[in-house]
Amino acid sequence: MSVSRHPIALRLEQQVGSATKLLATVMVLPLVDGIFPALVVAGVLTTATGVVETGILIFGGSATAAVILAEMDGSRRQMAGSVLLIGAIIIPLAAVEAAFAPTFREFLNLPVFERFAGLVILTIAAKTASSEIGEHLPSPGVIIALGLVASFEPSGFELQTSPEYVLNGAAAASVGVAFALAIALLSPHLRGRVDIDRFRFGSAVALGVLALPILLGPFNLMQTEAPIALAVLAVTTLFAYDPNAGPADGLADEGPGDDTDGDDPDAGADGDADSAGEADDADTAADADDEEDADPTEPPLDAPTAPGPIVDDDVAVIAGSEPSAASDDADGADPFADDDSRAPWL
């Protein structure tokens, strides 16, 4: 599996600690730094497409997927319980923050503030895609604060709320929780098969596409309700998913000691073939020796006829004379004395 080592994620991991706390921090962060309220005030959640895109890309996205796939351990039931516990916190918070959106809209210049909301999304996209670029960009909270100052128009403060904003805010948070829950339930299959860094870069592109209609509103460009950002995210998921990778590769790449287990039929067949070949070679050599022993060589042409078998090619030795020679030696006779009974060439 490709584990994302993004510097921002590493810093959060070091500061928070456990995987559940890290996931809660990642999913609550849009509510804390003001990204979600800015999108609500900018009117992004007024359509069903905006609700789904905000839930998946803001509350879910690559950070949530990376934490679940790379950091969280345990069974699917345990991970799902952690996600639902976090959802029980962020959904009411999102509803409360969305409830104050009409109040903020009363004393803000919305066209100006919407441009800053688009800049916030682009900043998050840049920080997600590259940590080096993100180091030179201000934090989202700073941009939102500047947007509030630039678009502030005091015209009398009046607390207002609307059930529509509350429902849309809770629905967006619910979509993010559902995304995280789906990742947790499919984690045994997705872990090792999803390239986290590739998915992270694709999520950054999708965030940039989400920000373009907001930034290009004054020019009347890309003003459509088509889910372009979701389409980009779907293509990114397709390219980041590798069905041939995963835990199966780790099981296949065992240590070198496993080759001697005898479980490999090919290895056993090769070993049997080698053993059979060695046995055939040994049998051939034994047959050759038997043939040499069974077929004595012919004596030299100038050698006299001997009553016994010939045991050498160059020297003809009477096999039957060896015991007599041994007995002569035993009697103490001189073996070098002239004796007509011996063969003349000895």
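This note covers one pocket, one surface patch and two loop residues of a predicted model.

1. Ground rules. Local features need pLDDT of at least 70, side-chain atom pairs count only at pLDDT 80 or more, and totals for chains, interfaces and linings use all residues. Residues are numbered from 1 along each chain as its sequence is written, and side-chain values use heavy atoms, with hydrogens and water left out.

2. The pocket. The second largest pocket has a volume of about 510 Å³. A pocket here is an open set of points on a 1 Å grid over the protein atoms alone, where a 1.4 Å probe fits, with protein on both sides within 12 Å along at least five of seven lines; lining residues have an atom within 4 Å of a point. The volume is the space filled by probe spheres set on the points, which are joined across faces, edges and corners.

3. Its lining. There are 22 lining residues; Gly43, Val44, Pro213, Ile214 and Thr224 lie nearest the centre. Helix 12 gives the largest share, 4 residues. Helices are DSSP runs (H or I, at least four residues), numbered from the N terminus.

4. The patch. Leu212, Phe219, Leu221, Met222 and Ile228 make a nonpolar surface patch of about 440 Å². Leucine 212 is found in helix 12.

5. The loop. Asparagine 220 and methionine 222 are both in the loop between helix 12 and helix 13. Phi of asparagine 220 is near 60°, a positive value in a residue other than glycine. Methionine 222 also has a positive phi, about 55°.

Conventions:
Helices (H or I, at least four residues) and strands (E, at least two) are DSSP runs, numbered from the N terminus. Patches are made of residues with over 30% relative accessible area and no salt bridge: like charges are joined within 9 Å, nonpolar side chains (Val, Leu, Ile, Met, Phe, Trp, Tyr) within 5 Å. Accessible areas come from the Shrake-Rupley method with a 1.4 Å probe; for residues, only the protein chains shown count as cover. A salt bridge is a side-chain nitrogen of Lys or Arg within 4 Å of a carboxyl oxygen of Asp or Glu.
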